[in-house]
Amino acid sequence: MSDEASMEPGNRPLVVCGIAGSLRERSFNRALLRAAQELAPEGMEVRIFDRMAEIPLFNEDLEAHGDPEPVEALKRAIGEADALLIATPEYNHGVPGVLKNAIDWASRPARGSVLSGKPTAILGASPGVTGTARAQSQLRQAFVFTNTPAVLQPEILVYRANEKFDSERRLTDEKTREFVGKLLVTLADWTRRLAPAE
């Protein structure tokens, strides 16, 4: 996909860290991140962090002995990326515990965390009709505290996800693919706008 978000010749590509808030192998949200890899504009690389199941529950006693290795890996993946892309399910009208837990770890230390100032885009898929709207809203609230600037529009609320992915969990709905592509272009532009002057 090539458009105005393409990098100028000689510039390095934008690296985006993709995180899915579900541990299920056939999760629609994991599939949504794979679709984002396919649809990324020229000059953008989406790298999916796939170790969420290894991250322990946040515990300050555990943190006092140093971050566990999976937490270090999470922070490193976010820190080395230019931007963050989060695909969240919605459980009981909210953010899944596994995702909130990862955000809690990544938000430490409170001043100067890898989330502070990190350009971010949020999307989500659900078999329901609200398409993870409430979970995304909760995530945005958390990002106010972590100083994580999230893209406002377009909102990607993939409802009735079972009708938009095939049996191999490939995103087949063309309108949804178009919107995901637009979100990634917007994220690329947002990231460049927020980049510190060299």
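A salt bridge here is a side-chain nitrogen of Lys or Arg within 4 Å of a carboxyl oxygen of Asp or Glu. The model on screen is predicted, and by that rule the count comes to 16 salt bridges.

**Stop 1: Glu38 and Arg170**

Select Glu38 and Arg170. Their closest N and O atoms are 3.5 Å apart, so the pair meets the 4 Å cut-off. Glu38 sits in helix 1, while Arg170 belongs to the loop between strand 5 and helix 6; 132 residues separate the two, and the pair links distant parts of the chain. Is this pair buried or exposed, or something in between? Glu38 has a relative accessible area of 43% and is partly exposed. Arg170, at 40%, also counts as partly exposed.

**Stop 2: Arg108 and Glu63**

Next, select Arg108 and Glu63, which form a salt bridge with the closest N and O atoms 2.9 Å apart. This pair too joins distant parts of the chain: Arg108 lies in the loop between helix 4 and strand 4, and Glu63 in helix 2 (residues 60-63), 45 residues away. Burial divides at the 20% cut-off: Arg108 is partly exposed because its relative accessible area is 26%, whereas Glu63 is buried because its value is 18%.

**Stop 3: Lys75 and Asp67, then a network**

Move to Lys75 and Asp67, whose side chains meet in a salt bridge at 2.7 Å, N to O. Lys75 counts as buried at 13% relative accessibility; Asp67, at 22%, counts as partly exposed. Then select Glu25, Arg30 and Asp50, which are linked in a network of salt bridges.

**Stop 4: strand 3**

Hide the charged side chains and show strand 3 (83-87). How many of the residues of strand 3 are buried? The count is 5 of 5. Both faces are covered, with Ala83, Leu85 and Ala87 on one side and Leu84 and Ile86 on the other.

Now add the strands that pair with strand 3. Strand 1 runs parallel to strand 3 and pairs with it over 5 bridges; to find the register, look for Gly18 opposite Leu85. Strand 4 is also parallel to strand 3, joined to it by 4 bridges, and Ile86 stands opposite Ile122 of strand 4. To follow the connection, trace the chain from strand 3 through helix 4 (residues 97-106) to strand 4: this β-α-β crossover is right-handed.

**Stop 5: the largest nonpolar core**

Select Leu32, Leu85, Leu123, Phe165, Val180 and Leu184. These have the most contacts inside the largest nonpolar core, which has 30 residues. The elements giving two or more residues to this core are strand 1 (14-20), helix 1 (28-39), strand 2 (44-48), strand 3 (83-87), strand 4 (120-125), strand 5 (156-158) and helix 6 (174-194). Which element gives the most to this core? Helix 1 does, with 7 residues.

Centre the view on Val180. Leaving aside neighbours within four places in sequence, Val180 is in contact with Leu32, Ala36, Leu39, Leu123, Ile156 and Leu171.

**Stop 6: another core**

Finish with another core, of 25 residues, which lies apart from the largest one. To locate this core, select Cys17, Ile78, Leu99 and Ala106, which are among its residues.

Technical notes:
Residues are numbered from 1 along each chain as its sequence is written. This is a predicted model: local features need pLDDT of at least 70, side-chain atom pairs count only at pLDDT 80 or more; totals for chains, interfaces and linings use all residues. Side-chain values use heavy atoms; hydrogens and water are left out. A nonpolar core is a set of buried Ala, Val, Leu, Ile, Met, Phe, Trp, Tyr and Cys residues joined through side-chain atoms within 4.5 Å. Buried means under 20% relative accessible area, exposed over 50%, partly exposed in between (1.4 Å probe, protein chains only). Contact means heavy atoms within 4.5 Å. Two strands pair if DSSP finds at least two bridges between them. A crossover is right-handed if, with the strands pointing away from the viewer, the path from the first strand over the helix to the second runs clockwise.
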